[in-house]
Amino acid sequence: MAVAPDAKGWLPYHEFRTWYRVTGSLDTPAPAVVTIHGGPGSSHDYLLGLCSLAAAGWPVVHYDQLGNGGSTHVSDRGTEFWTPRLFLDELDNLLHGLGVAGNYVLFGQSWGGMLAACHAADRPSGLRGLVIANAPASYVLWRQEMAVLRAALPPDVDATLRRHEAAGTTDSDEYRRAMRVFYDRHVCRIVPWPPDYLASFLETSNDPTVYSVMNGPSEFHVTGTLRDWSVIDRLADIAVPTLVISGRYDEATPTAVRPYQEHIPDVRWEIFPESSHLPHLEEPERFHRVLVDFLHGLRG
């Protein structure tokens with residue numbers, strides 16, 4: 001499939017469609033940087049800042065995972081449909097459909113970082129490097145660390161959250177207001193939220209199907225099918241240079257991130273001191289420098 005520079009379109013995936021966007025030209029010796037957004041159930045919008053890599057010489061691919069954004073929304077499937085394997089197969093379909101499976105770098109953010117790690121552990125021949133950004137290695141560790149972060153919230157905020165979680169009223173305005181206190185500390189510390197992040201947040205809110213099934217009602221109250229999912233046992237199989245990124249105030253705490261450093265053979269971990277979960281938005285200039293330095297190193 002020939003893809004024009006700066007193209008947008010859809011690829012068939014089973015009976016559905018995956019929306020994609022290419023920035024720059026894929027007809028270049030430089031590997032394409034394929035971005036995998038978080039959620040699950042978010043959209044590509046909050047990662048659009050990575051388009052700056054195209055000006056530095058690396059084509060960038062964004063896509064919306066099935067169920068959200070510009071891809072097919074699916075509301076008539078049960079919980080057994082929404083699995084990591086579904087999204088790993090969608091990624092494979094994208095790489096081959098765009099013709100980049102022979103030369104690419106993966107950038108996975110949050111849940112997307114866990115997907116990227118699983119993909120890399122299969123040792124695909126065209127993968128040149130891996131970036132795991134703000135991702136826990138295990139949802140068990142994630143849930144343990146959420147309890148630590150919640151304990152540091154103002155007592156009235158956590159009490160409000162727990163009251164609604166116990167009552168099953170997490171869709172209430174009061175819960176959302178209390179939730180925002182956590183998000184402003186540990187998800188995005190820029191107030192007001194940047195438009196790109198707000199766009200993805202609203203996409204998830206407008207169709208919470210995937211997020212609610214796989215994650216739950218909020219970042220810190222994980223009740224979905226991923227609550228016990230881990231990629232730790234796959235990390236030693238990753239055979240490409242890997243950059244791990246996290247923020248000092250990140251909801252993906254050092255305890256949740258550290259297994260990547262402990263188990264991936266060729267790994268470097270960069271912590272952004274002024275960031276939480278979105279260093280590419282919170283410290284964009286430093287983030288760009290770190291990422292370009294890593295990509296340059298893959299050419300050696």
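In this predicted model, eight strands come together in an open sheet with mixed pairing, and reading across the sheet gives the order 1-2-4-3-5-6-7-8. The two edges are formed by strand 1 (8-13) and strand 8 (267-272), each of which has a pairing partner on one side only. From one strand to the next, the sheet twists by 20 degrees on average. For readers new to sheets, it helps to recall that strands pair through backbone hydrogen bonds, in either a parallel or an antiparallel sense.

A walk across the sheet can begin at the edge formed by strand 1. Strand 1 and strand 2 are antiparallel partners joined over 6 bridges, and one pair to look for is P12 with its bridge partner R17 in strand 2. These two strands make a hairpin with 2 residues between them. In the turn, H14 has a positive phi of about 55 degrees. On to the next neighbour: strand 2 also pairs with strand 4 (residues 60-64), again in the antiparallel sense, over 5 bridges. Here R21 has H62 of strand 4 as its bridge partner. Strand 2 (residues 16-23) is largely enclosed by the rest of the structure, because 6 of its 8 residues are buried.

At the other edge of the sheet, the pairing has a parallel example. Strand 7 (residues 242-247) and strand 8 run in the parallel sense and share 6 bridges; I245 has E270 in strand 8 as its bridge partner. Helix 9 (residues 254-263) packs on the sheet in this region, where it touches strand 6 (127-133), strand 7 and strand 8. The direction of helix 9 makes about 155 degrees with that of strand 8. Helix 11 (residues 284-297) lies across strand 3 (32-36), strand 5 (104-109), strand 6, strand 7 and strand 8. Relative to strand 8, helix 11 runs at about 170 degrees.

Helices also meet one another. The axes of helix 2 (residues 84-97) and helix 3 (residues 111-121) come within 10 Å and cross at roughly 70 degrees, so helix 2 is roughly perpendicular to helix 3. Helix 2 contributes P84, F87, L88, L91, D92 and L95 to the contact, while helix 3 contributes W111, L115, C118 and H119. By character, the residues of this contact divide into 8 nonpolar, 1 polar and 1 charged.

A good residue for following how distant parts of the sequence meet is L53, which sits in helix 1 (residues 52-55). L53 counts as buried because its relative accessibility is 1%. Apart from neighbours within four places in sequence, L53 is in contact with V33, W58, V60, H288, L291, V292 and L295. One of these partners, H288, is 235 residues away from L53 in sequence, yet their C-alpha atoms are 7.7 Å apart in space.

Finally, the cysteines deserve a look. The structure holds 0 disulfides. C118, one of the residues in the contact of helix 2 with helix 3, is buried, with a relative accessible area of 7%. C188 is in no disulfide, and the nearest cysteine sulfur, which belongs to C51, is 18 Å away. With a relative accessible area of 0%, C188 is likewise buried.

Terms used
Residues numbered from 1 in each chain as written. Predicted model: local features only at pLDDT ≥ 70, side-chain atom pairs only at ≥ 80, totals over all residues. Heavy atoms only, no water. Pairing = 2+ DSSP bridges. Helix = DSSP H or I, 4+ residues; strand = E, 2+ residues; numbered from the N terminus. Axes fitted to C-alpha atoms, helices over the stretch in contact; angles between N-to-C directions. Contact = heavy atoms within 4.5 Å. Parallel < 35°, antiparallel > 145°, perpendicular 65-115°, else oblique. Nonpolar A, V, L, I, M, F, W, Y, C, P; charged D, E, K, R; others polar. Buried < 20%, exposed > 50% of the residue type's maximum accessible area, 1.4 Å probe, protein only. Disulfide = S-S within 2.5 Å.
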